[in-house]
Amino acid sequence: MRILVLSDIHANFAALEAVIAHTRDRWDELWCLGDIVGYGPRPNECVDLIRAEASLCVPGNHDRAVLDNNTSRQFNDMAREAIDWTRAELTTGNSAYLESLLPEPVPVDSLDLLATHASPRDPVFEYMDGIDTALANWRRPEFAAKFCLVGHTHLPDIFRLRVAQVDPDDADRREARVERMRARPGTPVNLQPELNHRVILNPGSVGQPRDKNKRASFALLVQDGPELIWHYERTDYPIELTQTQMQQAGLPRILIDRLSYGW
Ligand code: ZN
């Protein structure tokens, strides 16, 4: 089983198309971790593609905000401006699709995995941006799965929790060790489901990367027999095309410019 894991597409259809073209014939399923819309110029095209292709999809805060003024009121001015534009732009069918996505983590029992936009304890809003947040989530009873996929921060990330024996003569003396690994494109990570550890994975953002790398970010999760491998990758896309589309839509200048820098 080969899964293309996408998050934070943000209505950047040129980026989404580039990722789909770049990964052609390399996946059997597409999973989307939310924020299909917001910020970018082609919300309907992106929702159409995800509706047609994704077998798993959770909503992000921007997907919720187009449906609900109370959520968008918490956004900064630029994000809210883009949400207001998106709300007017979306077809009835695409709004209904976003509405149909339940704001809850989706368990995938066959892989001992949970998929969510933000975090297991706060599926739409919490930023999984540090070891403390990861630990706080690992402690929650509703999050028992070995693996968890998150988006929302727009940063490719890996958090790993291991419970290690600290005294070779005393099996009961154990200590939790957490590490945050910098994902490197093109370097597959063997997730070793046989080990007693837990891993939180973020594929980064397709449509608005924020790690100072402007290339679209995504991952392939490949199950091969007992092995489970995380392939995090980047690909170029025609950024100027998205920027021109944003200009024509009258979206805020800063949102247009930031795509050139990846922040
Ligand atoms: Zn986002």
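User: In this predicted model, how many of the ten residues of helix H1 are buried?

Analyst: The model is a predicted one, and in it helix H1, which covers residues 13-22, is mostly covered. A residue counts as buried when its relative accessible area is under 20%, and the residues of H1 that meet this cut-off are Phe-13, Ala-14, Ala-15, Leu-16, Ala-18, Val-19 and Ile-20. The number of buried residues in H1 is therefore seven of ten.

User: Which elements are included in what covers the buried residues of H1?

Analyst: The cover over the buried residues of H1 includes helices as well as strands. Among the helices are H2 and H8 (239-249), while the strands included are E1 (2-6), E2 (29-32), E11 (216-224) and E12 (227-235).

User: How are helices H2 and H6 oriented to each other?

Analyst: The axes of H2 (residues 43-53) and H6 (residues 92-100) come within 10 Å and cross at roughly 60°, and H2 passes H6 in a left-handed crossing. The contact is made by Asn-44, Val-47, Asp-48, Ile-50 and Arg-51 of H2 together with Gly-93, Asn-94, Tyr-97 and Leu-98 of H6, a set that divides into four nonpolar, three polar and two charged residues. Given the crossing angle, the two helices are therefore oblique.

User: What radius of gyration does the chain have, set against that of a compact globule?

Analyst: Along its principal axes the C-alpha trace spans about 70 × 40 × 30 Å, and 54% of the 263 residues count as buried. A compact globule with 263 residues would have a radius of gyration near 18 Å, and the value for the chain agrees with this, at 18 Å.

How values were computed. Residues numbered from 1 in each chain as written. Predicted model: local features only at pLDDT ≥ 70, side-chain atom pairs only at ≥ 80, totals over all residues. Heavy atoms only, no water. Axes fitted to C-alpha atoms, helices over the stretch in contact; angles between N-to-C directions. Helix = DSSP H or I, 4+ residues; strand = E, 2+ residues; numbered from the N terminus. Parallel < 35°, antiparallel > 145°, perpendicular 65-115°, else oblique. Left-handed = near helix turned anticlockwise from the far one by under 90°. Contact = heavy atoms within 4.5 Å. Nonpolar A, V, L, I, M, F, W, Y, C, P; charged D, E, K, R; others polar. Buried < 20%, exposed > 50% of the residue type's maximum accessible area, 1.4 Å probe, protein only. Rg over C-alpha atoms; globule rule 2.2 N^0.38 Å.
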